[in-house]
Amino acid sequence: MKMSVATRIAFATAITLMGCLGAHAEPQKWTTVKIVTEGGFFPWNYTKPDGTLGGFEIDLANNLCKRMGVSCTITAQAFDSMIPALNAGKFDAIIDDVAITPKRKEAIAFSVPYASLCYTFATGKNSDIAKSLPPEDKVISLDDNAASSDAIKRVAAALKGKTIGTLSAGTSVTFVNTYLKDAVQVRQYKTPESRDLDLVSDRVDVIVGSKDAMLGVIKKQGSQNIALSGPCFQGGVVGEGSGVGLRKGDTELKAMFDKAIKEAQADGTIKKLSEATFGMDVTPL
């Protein structure tokens, strides 16, 4: 059937409009990614004397960016302003040992985990706390109510009346407020350095944090009298592990990070980098 001139023009116009709509509907092509980190959370990320950034997450971020075929910039900023800055478009991704928790999922999206987390304690080597806490080498799931309830009771008894140091914006303070607030006095710190210094100086009795970070603490100069103590708790408020924080609408960027992280896990890159940094493998389970 032949079409009239008017019909042919209308048909051609429709095809052109469909092509334009299709072009606008294509996902964003990422060529550059702006990453934010703390630059002061040794050994995950830290600022070197020359002002450049180093640490496990900096090495991993550079590796992931190479796999994704994008150019990345990494900027240091205070932790508590990262999520608002991300959602405001100042940055595209957060890589700062951010635990994947239900509460944070309300505000942002996450990549698949690039590191598993469990939270434990550090105290003085000769402290009575170290002698009364449950065994240090045991990992306990907070999702296992029976096992975690017993362990938390023992930890609370060992720490009763003590002062515990946590970071003011992070999972450690949530962990303490959830499970130990009735047993301890909590002192919050904006930086790991100030928290660790107060432990060395006996201004707090114990500190809490992810085991890999605590291993970094005892490696610092001046921390020779600090030791890990007590079991390591995972799951629950501790979350699913550390992931890249992303805006909820950036689904293509999430897919790119997910693919790169899975590749880095499969070929042993995460294992290699974490063992070199922490002395332990933090590859997600």
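**Exercise 1. Take the pair Tyr119 and Phe175: work out whether each is buried or exposed, then how their rings are arranged.**

Start with burial: Tyr119 and Phe175 are both buried. Keep in mind that we're working on a predicted model. For Phe175 the relative accessible area is 0%, so this residue clearly falls under the 20% limit for buried.

Next, the rings. There are eight aromatic pairs by the rule used here. One of them is Tyr119 with Phe175, a tilted pair with 6.5 Å from centre to centre and 35° between the planes. Tyr119 sits in strand 8 and Phe175 in helix 7 (residues 171-179), so this pair ties together parts 56 residues apart in sequence.

**Exercise 2. Now pair Phe175 with Tyr179 and find out which class the geometry belongs to.**

Step one: the ring centres are 5.4 Å apart and the planes of Phe175 and Tyr179 meet at 55°, so call this pair tilted. Step two: place them. Both residues belong to helix 7, four residues apart, or about one turn of the helix. Step three: check accessibility. Tyr179 comes out at 26%, so that residue counts as partly exposed, while Phe175 is buried.

Step four: put the rings together. Tyr119, Phe121, Phe175, Tyr179 and Phe233 make up one aromatic cluster.

**Exercise 3. Which residues does Phe175 touch beyond four places in sequence, and which core residues have the most contacts?**

Go through the contacts of Phe175 first: Phe121, Leu142, Ile152, Leu180, Val208, Phe233, Val237 and Val238. Then turn to the largest nonpolar core, which has 53 residues. Tyr114, Phe121, Leu159, Phe175, Leu180 and Phe257 have the most contacts inside that core. Apart from it there's another core, of 11 residues, including Val36, Ile94, Val98 and Ile100.

**Exercise 4. Sort out the disulfides: which cysteines are joined, and what is the handedness of each link?**

The count is two. Take Cys65 and Cys72 first: they're joined with an S to S distance of 2.0 Å. The torsion about their S-S bond is about -95°, so the Cys65 and Cys72 disulfide is left-handed. Cys65 has 4% relative accessibility, so Cys65 counts as buried.

On to Cys118 and Cys232, also a disulfide, S to S 2.0 Å. Here the torsion is 90°, and the link is right-handed. This pair links distant parts of the chain, 114 residues apart: Cys118 is in the loop between strand 7 (109-110) and strand 8 (119-124), and Cys232 is in strand 13 (residues 226-234). Both Cys118 and Cys232 are buried. Number the bonded cysteines in sequence order and you get the pairing 1-2, 3-4.

**Exercise 5. Where is Thr101, and what does it contact beyond four places in sequence?**

Thr101 is in the loop between strand 6 (93-94) and helix 4 (102-105). With 9% relative accessibility, Thr101 is buried. Leaving out sequence neighbours within four places, Thr101 contacts Val237, Val238 and Gly239. Gly241 is 140 residues away along the chain from Thr101, yet their C-alpha atoms are 8.5 Å apart.

**Exercise 6. What is the strand order of the open three-stranded sheet, and which strands are at its edges?**

The order is 2-3-4, with antiparallel pairing. Strand 2 (40-41) and strand 4 (53-54) are the edges, each pairing on one side only. Strand 3 (residues 45-47) pairs with strand 4 over two bridges, and Thr47 stands opposite Leu53.

**Exercise 7. How confident is the model along the chain?**

Mean pLDDT is 88, with 89% of residues at 70 or more. Over residues 1-26, pLDDT stays under 50, and the model has one contact beyond four places in sequence for this stretch.

Note on methods:
Residues are numbered from 1 along each chain as its sequence is written. This is a predicted model: local features need pLDDT of at least 70, side-chain atom pairs count only at pLDDT 80 or more; totals for chains, interfaces and linings use all residues. Side-chain values use heavy atoms; hydrogens and water are left out. pLDDT is the predictor's confidence in each residue, from 0 to 100. Contact means heavy atoms within 4.5 Å. A nonpolar core is a set of buried Ala, Val, Leu, Ile, Met, Phe, Trp, Tyr and Cys residues joined through side-chain atoms within 4.5 Å. Buried means under 20% relative accessible area, exposed over 50%, partly exposed in between (1.4 Å probe, protein chains only). Two strands pair if DSSP finds at least two bridges between them. A disulfide is a pair of cysteine sulfur atoms within 2.5 Å. Rings of Phe, Tyr and Trp (its six-membered ring) pair if their centres lie within 6.5 Å; planes under 30 degrees apart count as stacked, over 60 as edge-to-face and the rest as tilted.
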